[in-house]
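Open the viewer and keep the selection box at hand. The tour goes stop by stop: select, look, move on.

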Amino acid sequence: MPLGAFERLAMPHFERLYNFACWLTHDRDEAEDLVQETYVKALKGFSSFQPGTNFRAWIYKILRNSFLTSRTGLKGTTTVPLDLEADEPILPRAADTPESILLQRSDWQLVEQALEQLPVAYREVLLLCEVEEMSYQEISAALSIPMGTVMSRLSRARQALRAEVQTTKSAKAQEMQGSEPRG
């Protein structure tokens with residue numbers, strides 16, 4: 001297939017691949033390297049891509065495999081928060097108050113922190129489903145796992161995420177109670 005076909009298929013996925021790589025690596029520089037490596041491997045192996053099949057799942061699979069074989073993928077312990085405000089401004093609804101906006105951001109931070117605590121296998125399936133909006137079939141193809149495994153990991157990931165958010169909320173509530181001035 002011609003180079004133009006690769007560019008036409010691959011370039012629309014660049015930002016989302018980078019975002020996914022940031023979540024996996026927790027480091028923007030490593031994410032850039034990972035995406036670059038993914039595109040190099042995808043270009044080299046483009047002749048093996050079957051036209052008419054799901055290109056997005058194919059390139060995500062390359063990114064994931066590159067991540068897993070990297071030093072970062074094997075340790076996967078450091079964390080860095082995703083800065084949504086840099087990507088997209090959050091504009092309040094007319095009825096929002098400064099207090100409600102603060103609470104919404106606080107809730108999102110809790111979810112981010114909880115997500116970062118999940119094992120990579122849970123985090124990646126949750127991100128591909130909820131953030132990248134991939135179907136179970138696409139996730140199955142991208143991660144090279146059966147669709148039943150996708151569904152079970154997604155269910156467990158959501159459960160673990162809820163539990164982590166609740167634990168963090170409880171801990172913060174206890175901190176707040178302990179720091180209240182006594183009169």
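Is Arg-64 buried or exposed? Select Arg-64: its relative accessibility is 12%, so Arg-64 counts as buried. Keep in mind throughout that this is a predicted model.

**Stop 1: the partner of Arg-64**

Add Glu-124 to the selection. The side chains of Glu-124 and Arg-64 form a salt bridge, 2.9 Å from N to O. Glu-124 belongs to helix 8 and Arg-64 to helix 4 (residues 55–69), so the pair ties together parts that are 60 residues apart in sequence. Glu-124 is buried too, at a relative accessible area of 1%. With the cut-off for buried set at under 20% relative accessible area, Arg-64 at 12% qualifies.

**Stop 2: Arg-123**

Step back one residue, to Arg-123. Arg-123 sits in helix 8, which runs over residues 120–131. Its relative accessible area is 1%, so Arg-123 is buried. Now show its surroundings. Beyond its neighbours within four places in sequence, Arg-123 contacts Trp-23, Leu-24, His-26, Leu-115, Glu-116 and Leu-118. Next, draw a C-alpha to C-alpha distance from Arg-123 to Leu-154. The two are 8.8 Å apart in space and 31 residues apart in sequence.

**Stop 3: Glu-132 and Arg-16**

How many salt bridges does a search of the whole structure find? The search returns five. One of them joins the side chains of Glu-132 and Arg-16, at 2.6 Å from N to O. Glu-132 is in the loop between helix 8 and helix 9 (136–143), while Arg-16 is in helix 2 (residues 14–25), so this bridge ties together parts that are 116 residues apart in sequence. Color the two by accessibility. Glu-132 is buried, at a relative accessible area of 2%. Arg-16 is partly exposed, at 37% relative accessibility.

**Stop 4: helix 3, end to end**

Select residues 28–44, which make up helix 3. Does its length fit the count of residues, and what span should you look for? At 1.5 Å a residue, its 17 residues should span 24 Å, and the end C-alpha atoms are indeed 24 Å apart.

Start at the N-terminal end. Asp-27 caps helix 3 there, with a side-chain oxygen 3.0 Å from the backbone nitrogen of Asp-29.

Now look at the buried residues of helix 3: Ala-31, Leu-34, Val-35, Thr-38, Tyr-39 and Ala-42. They cover an arc of only 135 degrees around the axis, which puts them on the same side of helix 3. Residues three or four places apart point the same way because an α-helix has 3.6 residues a turn. Turn the view around. Asp-29, Gln-36 and Lys-44 are exposed on the other side of helix 3. What covers the buried residues? The cover includes helix 1 (3–10), helix 2 and helix 4.

**Stop 5: a bridge inside helix 3**

Select Glu-37 and Lys-41. They form a salt bridge, with the closest N and O atoms 2.9 Å apart. Both lie in helix 3, four residues apart, which is about one turn of the helix. Glu-37 is partly exposed, at a relative accessible area of 31%. Lys-41 is partly exposed as well, at 37% relative accessibility.

**Stop 6: Ser-66**

Cross over to Ser-66, in helix 4. Ser-66 counts as buried, at 2% relative accessibility. What does Ser-66 touch, not counting residues up to four places away in sequence? It touches Leu-34, Glu-37, Thr-38 and Lys-41. Glu-37 and Lys-41 are the salt-bridged pair from the previous stop. Leu-34 and Thr-38 are among the buried residues of helix 3.

**Stop 7: two backbone angles**

Most residues other than glycine have a negative phi. Check Glu-133, which is not a glycine yet has a positive phi of about 55 degrees. Glu-133 is in the loop between helix 8 and helix 9, and is exposed, at a relative accessible area of 61%.

Then go to Ser-144. Its phi is positive as well, about 55 degrees, although Ser-144 is not a glycine. Ser-144 lies in the loop between helix 9 and helix 10 (147–179), and is partly exposed, at 45% relative accessibility.

**Last stop: cysteines**

Select Cys-22 and Cys-129. Cys-22 counts as buried, at 8% relative accessibility. Cys-129 counts as buried, at 14%. How many disulfides does the structure hold? It holds zero.

Definitions and conventions:
Residues are numbered from 1 along each chain as its sequence is written. This is a predicted model: local features need pLDDT of at least 70, side-chain atom pairs count only at pLDDT 80 or more; totals for chains, interfaces and linings use all residues. Side-chain values use heavy atoms; hydrogens and water are left out. A disulfide is a pair of cysteine sulfur atoms within 2.5 Å. Buried means under 20% relative accessible area, exposed over 50%, partly exposed in between (1.4 Å probe, protein chains only). Helices (H or I, at least four residues) and strands (E, at least two) are DSSP runs, numbered from the N terminus. Contact means heavy atoms within 4.5 Å. A salt bridge is a side-chain nitrogen of Lys or Arg within 4 Å of a carboxyl oxygen of Asp or Glu. The expected span of a helix is 1.5 Å times one less than its number of residues. The arc is that of the directions from the helix axis to the C-beta atoms. A polar contact is a pair of N or O atoms within 3.5 Å; within protein, one must be able to donate a hydrogen and the other to accept it, and residues adjacent in sequence count only if both atoms are side-chain atoms.
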